[in-house]
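User: I would like to understand how the descriptive words used for a protein model are justified. Could we go through some of them one at a time?

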Amino acid sequence: MTAATLSFGDRTLWNNLNLEIQPGEFVAVLGGNGTGKTSLLRVILGQQRLSAGAIELFGRPVARGSKGIGYIPQQKLLEQGTPLRARDLVALGVDGQRWGLPVPSRAVRHRVDEVLEAVGATEYADVPVAMLSGGEQQRIRVGQSIAAHPRLLLCDEPLLSLDLHHQRTVSELINEQRTATGAAVVFVTHDVNPVLPFVDRVLYLAGGRFSVGTPDEVLRSEVLSSMYNTPVEVIRSRGRVAVLGAPEGYGVHDHLEHHVRPSGVIG
Ligand SMILES: Nc1ncnc2c1ncn2[C@@H]1O[C@H](COP(=O)(O)OP(=O)(O)OP(=O)(O)O)[C@@H](O)[C@H]1O
């Protein structure tokens with residue numbers, strides 16, 4: 001991504017962003033509501049054009065529907081009554097194009113079983129997904145996103161509404177996928193703590209500015225204070241990060257509940 005700028009009307013979300021993501025790299029995208037985190041993923045997916053600058057994916061200009069990307073969209077709870085089972089959603093990830101064929105091929109079925117096993121969902125493979133807990137649904141979504149062996153995994157707040165135990169298991173699943181296949185991970189989150197041990201670089205968006213670097217370089221009082229243009233204190237203790245004093249709506253630790261939509265369909 002070179003000199004990338006994204007504006008809507010007279011509002012610039014980020015400006016002159018240069019970011020090259022290496023295979024196997026784990027990049028956490030941090031920032032408050034409305035700072036352009038999801039929009040960044042949409043740019044990578046080819047769903048949103050840059051206002052200026054350029055973006056390449058696997059050496060080619062970004063195009064909609066690029067192969068090689070796994071995507072975990074922001075969580076939506078599944079509507080009761082959705083007849084799809086866990087294994088159907090994973091099959092969609094393996095072979096989205098041919099979705100709709102009544103009987104998946106043997107190769108697809110094999111891959112589905114493999115993925116269900118990898119995400120620890122074999123037990124509930126045949127349960128309608130709407131009956132599963134949020135954490136179980138999220139494992140299935142991770143399964144769906146990794147099923148086609150992506151080279152790049154885009155994760156939009158995949159830990160939202162999960163308890164600490166499930167935050168850990170879902171983060172570990174994503175990280176295991178990265179280490180097993182060398183896929184790069186772009187992980188949008190309000191709270192970096194659950195993934196901090198895995199993060200190579202942070203892209204922090206705030207107040208129309210950004211900062212990129214290792215967690216040690218970016219998650220510092222001086223860096224964030226300068227981005228927010230107000231004194232912000234970053235405290236690191238026992239491997240955790242807390243950001244104090246970030247203006248409302250721009251912090252890493254915003255309240256998350258309002259993200260959870262009451263109903264919807266797995267993306
Ligand atoms: N197509 C669009 N047209 C106009 N404005 C848009 C469009 N897409 C996004 N925006 C605006 O850009 C801003 C950034 O949106 P985005 O969803 O990228 O933020 P975010 O950082 O992911 O926020 P959140 O943490 O709340 O999900 C928001 O104010 C949003 O309303």
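User: In E13, which residue is the bridge partner of Arg236?

Analyst: In this predicted model, Arg236 has Val241 of E13 as its bridge partner.

User: What makes E12 and E13 count as paired strands?

Analyst: Strand E12 (residues 233-237) and strand E13 (residues 240-244) are joined in the antiparallel sense over 5 bridges, and because pairing requires at least two bridges, they count as a pair. The two strands form a hairpin with 2 residues between them, and in the turn Arg238 has a positive phi of about 45°.

User: Why are E2 and E4 said to stand at the edges of their sheet?

Analyst: The open sheet has 3 strands in the order E2-E1-E4, with antiparallel pairing. Strand E2 (11-17) and strand E4 (52-54) each have a single partner strand, so one side of each has no neighbour in the sheet, and that is what places them at the edges. From one strand to the next, the twist averages 20°.

User: How do you know that E1 and E2 are paired?

Analyst: Strand E1 (residues 2-8) and E2 share 4 bridges in the antiparallel sense, and since at least two are needed, the pairing is established. One of the bridge partners can be named, for Phe8 is matched with Arg11 in E2.

User: Why is H2 called roughly perpendicular to H3?

Analyst: The axes of helix H2 (residues 86-94) and helix H3 (residues 106-118) come within 9 Å and cross at roughly 115°. Because angles of 65 to 115 degrees count as roughly perpendicular, that is the word used for H2 and H3. The crossing of H2 and H3 is right-handed.

User: Which residues make the contact of H2 with H3, and how are they classed?

Analyst: On H2 the contact is made by Ala86, Arg87, Val90, Ala91 and Val94, and on H3 by Val108, Arg111, Val112, Val115 and Leu116. By class, the contact has 8 nonpolar, no polar and 2 charged residues.

User: How do you know whether Ile146 is buried or exposed?

Analyst: Ile146, which lies in helix H4 (residues 134-146), has 26 other C-beta atoms within 10 Å. Because 20 or more are required for a residue to be called buried, Ile146 is buried. Leaving aside residues up to four places away in sequence, Ile146 touches Gly70, Val115, Leu153 and Gln177. The C-alpha atoms of Ile146 and Val94 are separated by 8.2 Å, although these residues are 52 residues apart along the chain.

Notes. Residues are numbered from 1 along each chain as its sequence is written. This is a predicted model: local features need pLDDT of at least 70, side-chain atom pairs count only at pLDDT 80 or more; totals for chains, interfaces and linings use all residues. Axes are lines fitted to C-alpha atoms, for helices over the stretch in contact, and angles run from 0 to 180 degrees between N-to-C directions. Angles under 35 degrees count as roughly parallel, over 145 as roughly antiparallel, 65 to 115 as roughly perpendicular and the rest as oblique. A crossing is left-handed if the near helix is turned anticlockwise from the far one by less than a right angle, and right-handed if clockwise. Two residues are in contact if their C-beta atoms, placed from the backbone, lie within 7 Å. Ala, Val, Leu, Ile, Met, Phe, Trp, Tyr, Cys and Pro count as nonpolar, Asp, Glu, Lys and Arg as charged, and the others, Gly among them, as polar. A residue is buried if 20 or more other C-beta atoms lie within 10 Å of its own, exposed if 12 or fewer, and partly exposed in between; C-beta atoms are placed from the backbone.
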